[in-house]
Amino acid sequence: LAVFQPIKLSKLLKQKIKDLYHLENKLIFAKEIIKEAGAFIKESLSKTITVEEKTAFDDLVTNIDKQTQDLLVARIKSAFPSDNIFAEENGLVHNIKDGNVWVLDPIDGTVNFIVQQDNFCVMIAYYEEGQGKFGLIYNVMADQLFYGGGQFDVYCNDKLLPAYKSR
């Protein structure tokens with residue numbers, strides 16, 4: 001009869017496990033909301049798109065940029081009310097080194113979105129105290145979701161990508 005002793009984990013190891021579990025949940029959540037944002041953008045393609053100039057003739061924003069960002073912010077704040085947002089549209093600025101910060105670009109490639117309705121993406125990054133924990137890039141029209149970084153392997157649509165090797 002074998003007797004097994006429970007494994008005693010150090011406080012540091014317990015905290016690392018807890019932190020990783022916490023980050024995995026946030027990454028899963030981010031994958032859900034970025035896909036939701038992509039679906040919203042696709043549905044919006046058949047609607048009227050209004051275009052505004054921000055700082056220069058080629059620095060544009062659309063009503064879809066703003067609405068997509070509003071969707072992402074609402075979902076994040078609902079799930080993680082104490083987290084902060086740094087986003088491209090509507091002046092949402094927060095010091096990236098201060099707490100938990102979600103960095104959002106609702107439509108990266110707005111000119112392509114307007115002209116081609118292709119070759120644009122939704123981008124999300126997540127930081128804790130200035131340290132990047134993971135990022136996501138969703139090519140909406142190609143339905144390609146790249147995600148990972150930090151402690152996570154990098155994937156494209158749940159297919160593991162090879163690790164970067166310098167030449």
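Buried here means under 20% relative accessible area. Keep that cut-off handy for this tour of a predicted model.

Start by selecting Cys156. Its relative accessibility is 14%, so Cys156 counts as buried. Now add Cys121 to the selection: this one comes out at 11%, which means Cys121 is buried too. With two cysteines on screen, you may want to look for a bond between sulfurs. How many disulfides does a search of the whole structure find? The count is 0, so don't bother drawing any S–S sticks.

Next stop: helix 1, which covers residues 11–44. Pick out Phe40 in that helix. Is Phe40 buried or partly exposed? It's partly exposed, because its relative accessibility is 23% and the buried class ends at 20%. To see what Phe40 touches beyond its neighbours within four places in sequence, show Ile64, Gln67, Thr68 and Leu71; Phe40 is in contact with these four residues. Then put a distance label on the C-alpha atoms of Phe40 and Gln67: it should read 9.0 Å, for a pair 27 residues apart along the chain.

Last, go to strand 7, residues 144–149, and click on Phe146. Here the relative accessibility is 31%, so Phe146 is classed as partly exposed. Keep Phe146 selected, add Ile137, Val154 and Leu161, and switch on the surface: together these residues make a nonpolar patch of about 280 Å².

Terms used: Residues numbered from 1 in each chain as written. Predicted model: local features only at pLDDT ≥ 70, side-chain atom pairs only at ≥ 80, totals over all residues. Heavy atoms only, no water. Helix = DSSP H or I, 4+ residues; strand = E, 2+ residues; numbered from the N terminus. Buried < 20%, exposed > 50% of the residue type's maximum accessible area, 1.4 Å probe, protein only. Contact = heavy atoms within 4.5 Å. Patch = residues over 30% accessible without salt bridge, like charges linked within 9 Å, V, L, I, M, F, W, Y side chains within 5 Å. Areas by Shrake-Rupley, 256 points an atom, 1.4 Å probe, with all protein chains shown as cover. Salt bridge = Lys/Arg side-chain N within 4 Å of Asp/Glu carboxyl O. Disulfide = S-S within 2.5 Å.
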